[in-house]
Amino acid sequence: MQCDRVWRDARLATMREDLPGLGVIEDGVVAAQGDRIVFAGPASEAPTLNASETIRCDGRWITPGLIDCHTHLVHAGNRAHEFELRLNGATYEEIARAGGGIISTVNATRAASEHELIAASLPRLDALIAEGVTTIEIKSGYGLSREHELKQLKAARRLSEERPISVSPTLLAAHALPPEFADDADGYIDEICANIIPAAVGVADAVDAFCENIAFTREQTERVFRAARGCGLPVKLHAEQLSNQNGAALAARYGALSADHLEYLDEAGVAAMKRAGMAAVMLPGAFYFLRDTHLPPIAQLREAGVPMALATDYNPGTSPLTSLLLAMNMGATLFRLTPEECLLGVTRHAAQALGRGGDVGALETGKRCDLAIWNIERPAELVYRMGFNPLHARVWGGE
């Protein structure tokens, strides 16, 4: 078999669904032709491989490239001052009345050009790339108008021209009320459905919304979902983060890719997600940063067999986290996920949460050759260590 590159003498955590656990292969080989895997398996089963380049891994572990399936990476400004105010006793309401909160990020993002947004986002993206991330989802939601939501989405897409990474942009116009619609939530939903979603077709890969008592109601969220599906865009949802709005069950009715956060998810919501084949995206960074105490129902999700993805939820207000490795440690320590669940959560299950399970997230023939090669003795080290990056090499699209 002719191929471009072969990685030999490696231990593979393939994340294949047809193999138990992490799909471990102790003496493994990965071969790529172009940007696709043409073989990933035991050396004893490999065909004769005529490769232009052979890389000896010296017993290192190879996993699929990591996937951060929930971020708000593209924005201007930061909220460090608000963090300081909160630690000194100020309430969220006091900060918001003083011009802080999400509106401060909206104002900064609206004032920035597309070029400035890209420049501000690249250092954050570089931090994730340095830990083996090869695919990232990036939401809008800090523009809150047709012009500025599209600017965010276009900036997100252009990041994949600046760096070797696959970007999945998501429209999150239903994130908060913009100042010009401060007393007219239904009017803003009208604007999203009639003007913003249709304009995002071809720019966004999916549509998200924030269904919560401080954001949008089930009825308003459903209108967004109907408009998105009418334009041929899949949906996902920020659901049950602060209260149980039965958002996950609503998302399930619309065949959503995922429901994310889920601290207040109930049994009915778990069952609905299972029936719909949705992924549950765990976001321990926000849980930690907000000093939350209400845990998501991990045991119920596990028992129901709902795939659990794991992501940084990078955003300037509630999870300024640019380490997917640390997010895995938080998932284990705060949510009691097992190391296996954490690793599947940033590979195969994260791919499912983006609707890309057929393309990335596992080492198997036909999928993109996105690899992370690690200086570790066992995969659990990627979850166990804090503030340590054992990445040896990162491969994106076979290169």
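**Notes on the aromatic pairs, helix packing and a few loops**

1. Phe287 comes out as buried, with a relative accessibility of 6%. Keep in mind throughout that this is a predicted model. The residue sits in helix α10, and its ring pairs with that of Phe335 in helix α12 (residues 324–335), so the pair ties together parts that are 48 residues apart in sequence. The ring centres of Phe287 and Phe335 are 5.1 Å apart with the planes at 80°, so I'd call this pair edge-to-face; planes over 60 degrees apart are what that label requires. Phe335 is buried too, at 4% relative accessibility.

2. Helix α10 (residues 284–289) has another aromatic residue to look at, Phe289, and its partner Phe83 lies in helix α1 (residues 80–87), so here the pair ties together parts that are 206 residues apart in sequence. How do the rings of Phe83 and Phe289 sit, with their centres 5.0 Å apart? Their planes are at 20°, so the pair is stacked. The two residues fall in separate burial classes: Phe289 is buried, with a relative accessible area of 18%, while Phe83 is partly exposed at 33%. The cut-off for buried is under 20%, which is worth remembering when reading the 18% of Phe289.

3. To round off the aromatics: how many aromatic pairs does the structure hold? The count is five. Besides the pairs above, have a look at Phe181, Tyr188 and Phe216, which form one aromatic cluster.

4. On to the helices. Two packed helices are described by the angle between their axes and the distance between the axes. For helix α4 (residues 114–129) and helix α5 (residues 146–162), the angle is about 55° and the axes are 9 Å apart. That makes α4 and α5 oblique to each other, and their crossing is right-handed. On the α4 side the contact uses Glu114, Leu117, Ile118, Ser121, Leu122 and Leu125. The α5 side brings Lys151, Gln152, Lys154, Ala155, Arg158, Leu159 and Glu162. If you sort the residues of this α4 contact with α5 by class, you get six nonpolar, two polar and five charged.

5. Helix α5 also packs against helix α6 (residues 185–200), at an angle of about 30° and with the axes 10 Å apart. Is the α5 and α6 arrangement roughly parallel or roughly antiparallel? With the angle at about 30°, α5 and α6 are roughly parallel to each other, as the class takes angles under 35 degrees. The crossing of α5 and α6 is right-handed. From α5 come Arg146, Glu149, Leu150 and Leu153, and they meet Glu191, Asn195, Ile196, Ala199 and Ala200 of α6. By class, that contact of α5 with α6 has five nonpolar residues, one polar and three charged.

6. Two loop residues deserve a look. Gln241, in the loop between β10 (237–239) and α8 (247–253), is buried at 9% relative accessibility. Which residues does Gln241 touch, not counting those up to four places away in sequence? They are Phe210, Glu212, His261, Leu262, Glu263, Tyr264, Ala286, Leu290 and Asp292.

7. The other is Gly65, in the loop between β5 (61–64) and β6 (66–68). Gly65 counts as buried, with 3% relative accessibility. Its C-alpha atom is 9.5 Å from that of Arg368, although the two positions lie 303 residues apart along the chain count. Leaving out neighbours within four places in sequence, the contacts of Gly65 are Gly132, Thr134, Val346, Thr347, Asp370, Leu371 and Ala372.

8. Finally, a couple of backbone angles to check by eye. Asp9 has phi near 55°, a positive value in a residue other than glycine. Asp9 is placed in strand β1 (residues 2–13) and is partly exposed, at 35% relative accessibility. Met15 likewise has a positive phi, near 65°, and is a residue other than glycine. Met15 is found in the loop between β1 and β2 (24–33). Is Met15 buried or exposed? Buried, with a relative accessible area of 0%.

Methods: Residues are numbered from 1 along each chain as its sequence is written. This is a predicted model: local features need pLDDT of at least 70, side-chain atom pairs count only at pLDDT 80 or more; totals for chains, interfaces and linings use all residues. Side-chain values use heavy atoms; hydrogens and water are left out. Axes are lines fitted to C-alpha atoms, for helices over the stretch in contact, and angles run from 0 to 180 degrees between N-to-C directions. Helices (H or I, at least four residues) and strands (E, at least two) are DSSP runs, numbered from the N terminus. Angles under 35 degrees count as roughly parallel, over 145 as roughly antiparallel, 65 to 115 as roughly perpendicular and the rest as oblique. A crossing is left-handed if the near helix is turned anticlockwise from the far one by less than a right angle, and right-handed if clockwise. Contact means heavy atoms within 4.5 Å. Ala, Val, Leu, Ile, Met, Phe, Trp, Tyr, Cys and Pro count as nonpolar, Asp, Glu, Lys and Arg as charged, and the others, Gly among them, as polar. Rings of Phe, Tyr and Trp (its six-membered ring) pair if their centres lie within 6.5 Å; planes under 30 degrees apart count as stacked, over 60 as edge-to-face and the rest as tilted. Buried means under 20% relative accessible area, exposed over 50%, partly exposed in between (1.4 Å probe, protein chains only).
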